[in-house]
Amino acid sequence: MDIHTPPEPKPRRKRISAGRCCAYLCAAIGAAVVVLVLGGLGWALWAFAASLRDPHQAHLHDAASAAVSVRPLLGPHDTFDVVLTVWARRPDALQPWYDADEAALEARLKATADPKDVVTQSLTKLPLVEIQNRADEDLLFSSVVFHDFSLSSADREKKVTFELPLQRFYDKRIYTPDVRVALTLLPRPDVLDGLVNVSDWRPYNARPRQRIPNNFVFPSGKVDYAHELQAKAVEMTGGSYGLVRFHDIKSKCAVNTTDDNDSAVDSAATTKAVISEGPGEPAKPPAQHPHIVTRSHFYIMNETRRFDLVAYDKKHNELASTSCGQLIRNARPGIPMCSRTYQANGQWETRLAFAREDGTQDLAYAPFVGWLFKGAGPKHIVPLPVSKEDCADRSNDPETFTVNYTVRLSALTPARVAMIDSFTNAADPDADATAKALIDAHDSWELTAGVLGSRTEGTHPRTRMLVATIHFAAELVKELLNILYWFTRATTAGICVSGTLLLAAGSALDYVGFSEHMWKTADSAGPVVVALALYLLVAVGNVRAGALVLPLEIEWKRWLPVGIRRRRWTHRERVTRRIEQSIPRTVLLAIFSATLFSLYALAWLRVTVVRAAHEHRDPPPPTYLGHDAFQGLLRALRITGHTAQLYTNHAARTFAGSYAATTRVALVARAAQLVHYLDTVVGPVHTREAVYPHEALDFALEAIAAYQGATLPRVEQSDEDGSED
């Protein structure tokens with residue numbers, strides 16, 4: 001080192017420009033905002049999930065605390081029986097307050113009515129006579145439907161039958177609770193020993209209707225009504241709800257031709273009755289007809305933890321003072337003003353006090369019994385055979401209607417109840433729906449409800465969903481492998497040119513037909529674009545294959561086409577052409593013609609290998625390309641092309657046309673499709689379509705291809721060693 005040479009100066013540090021500094025600062029602020037937003041959304045989703053999973057966790061008893069707790073009346077393994085009763089309201093003419101002159105009756109009641117009843121009437125839109133009186137009911141059914149049930153028991157289902165009198169449904173006003181089903185729990189006698197007090201969440205004016213008849217014969221070894229307080233407690237351990245629903249039906253009246261142009265005008269009204277959904281709800285339009293729900297799914301909330309006494313008493317007292325309209329000024333609390341959800345009512349509806357030997361009281365809470373709002377599918381909602389139209393002839397109407405009712409009982413968690421009621425696909429009955437559309441809608445409900453936890457007896461929805469997922473995944477993988485195979489293939493060695501061109505033509509025509517169908521039937525452009533993009537994946541592989549086997553090829557310069565030249569076949573490709581020429585074109589044409597004629601004839605005769613679950617006639621296709629002739633052409637192209645490729649593989653003693661793995665995946669997809677027809681595996685599927693002869697032929701060809709793929713040597717994707725001389 002030369003001490004006389006000064007050291008080189010350090011390079012000056014570059015200053016960050018103001019613009020770049022602002023850019024960095026904005027990027028940092030943006031990243032912080034994104035992190036905060038994502039964190040906030042994550043926290044909100046977590047809190048929402050926690051509120052569904054355990055909405056009352058904050059009120060649970062802390063084991064480390066010395067505070068007194070409130071225990072559950074029924075533990076996870078305590079057994080009890082379940083009583084089902086069905087009640088029907090008597091017709092207005094048989095009620096003690098009936099007056100044929102309804103206007104005069106309302107005027108008399110209004111003149112002497114309590115001002116609170118008038119306020120309640122303005123809020124609920126009900127007649128005063130309904131607010132001041134409770135209608136008499138008749139018992140239609142009562143029995144113990146489940147024995148020795150507990151909160152740890154599996155779901156149970158029971159079918160019962162009762163006769164429903166129909167005279168009530170000719171009255172002017174009809175309500176949802178006119179047919180009422182009640183479910184009551186009967187614990188063992190020792191569970192209620194020492195009971196000294198029962199506190200309910202409803203005021204006296206909103207007390208529940210009777211659930212168990214006075215003359216009911218209780219099972220031996222279970223609590224009965226000998227003790228008045230125990231009888232009250234039993235009445236509180238249950239729930240009831242109405243079975244009447246209101247939907248449109250087709251009019252039975254004749255078509256009117258009263259306009260000047262003699263055009264047919266269909267009668268719009270199906271009934272002239274003013275129908276209400278129930279107490280506290282507005283009247284329905286005149287075109288609604290009473291239906292009966294023939295399936296209900298009751299549940300007992302699976303909650304057996306202890307609650308903190310102070311928190312429980314506070315929630316119980318708040319509920320008892322606000323549950324049925326007590327906070328509405330100058331209104332009388334009553335059933336029409338009540339609302340009941342587990343998030344609001346929780347386990348603090350019924351508080352029971354038991355005497356201890358030391359003089360203190362042991363507090364317990366009754367189980368929460370509810371019902372799923374989407375516990376019935378479209379086929380479970382049946383129109384009642386009553387003629388509500390003015391033009392209808394009622395002489396043929398029956399006096400009673402036989403109801404085949406199904407009740408299901410489960411012990412569910414709050415999250416499970418929220419999932420079933422939120423995500424089950426339950427459509428209302430459609431008056432204009434065909435039988436096939438009704439079956440499809442009911443099947444959608446049955447599948448979604450069953451997967452979420454409301455399974456119908458005899459069905460296997462989760463197994464069915466698993467099989468459908470395997471089938472979809474296998475079909476998707478098969479199409480992706482087909483695309484990968486043809487887009488990575490650089491030689492036609494082992495490929496049957498005529499068969500490949502037939503497959504490509506069939507795929508192209510199929511895509512054209514599908515595009516026309518979507519364009520004419522879709523309501524908006526968004527679903528059309530998505531469907532066409534997905535369907536293009538199916539066609540693009542075979543179209544690429546057709547382009548590969550053409551005797552012409554495009555010359556490219558970088559990304560630009562600059563010309564077309566004749567393809568020069570390699571030695572191995574010429575060998576394949578000679579093998580292919582061993583099939584005369586006339587023979588190939590004869591196979592195609594025979595396949596086309598046979599498939600069209602079988603489709604016209606509606607010949608099936610396996611019959612459909614529901615025989616129906618499909619509506620005429622909206623496009624010309626949807627007719628049987630065009631579909632037969634597509635199937636004949638596919639089957640003939642596939643057969644030609646299989647023959648080429650057999651003659652050349654090599655395997656080409658697809659990956660060997662593709663043939664195995666195709667067999668998995670076909671096997672999953674066939675499993676769909678086994679009731680012992682997936683249960684009865686009422687939307688199951690028929691198996692047609694062309695599908696059976698496709699399965700046979702796929703099995704042969706899988707055998708060839710497993711036994712024959714495979715042709716490589718490129719022919720780099722092949723000679724072009």
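Why is the disulfide of Cys324 and Cys338 right-handed? The torsion about their S-S bond is about 100 degrees, so the disulfide gets that label.

A word on ground rules. This is a predicted model, in which local features need pLDDT of at least 70 and side-chain atom pairs count only at pLDDT 80 or more, while totals for chains, interfaces and linings use all residues. Residues are numbered from 1 along each chain as its sequence is written, and side-chain values use heavy atoms, with hydrogens and water left out.

Now the bond itself. The structure holds one disulfide (a pair of cysteine sulfur atoms within 2.5 Å), and it joins Cys324 to Cys338 with S to S at 2.0 Å. Both Cys324 and Cys338 sit in the loop between α6 (309-322) and α7 (342-345), so the pair ties together parts that are 14 residues apart in sequence. Those helices are DSSP runs (H or I, at least four residues), numbered from the N terminus.

What about the free sulfurs? The sulfur of Cys22 has its closest cysteine sulfur in Cys21, and at 5.7 Å that is too far for a bond. For Cys26 the closest cysteine sulfur is in Cys22, 6.4 Å away, again too far for a bond.

Here is how these cysteines are labelled by relative accessible area: buried is under 20%, exposed is over 50%, and partly exposed is in between (1.4 Å probe, protein chains only).

| Residue | Relative accessibility | Label |
|---|---|---|
| Cys324 | 0% | buried |
| Cys338 | 24% | partly exposed |
| Cys22 | 46% | partly exposed |
| Cys26 | 54% | exposed |

How values were computed
Helix = DSSP H or I, 4+ residues; strand = E, 2+ residues; numbered from the N terminus.
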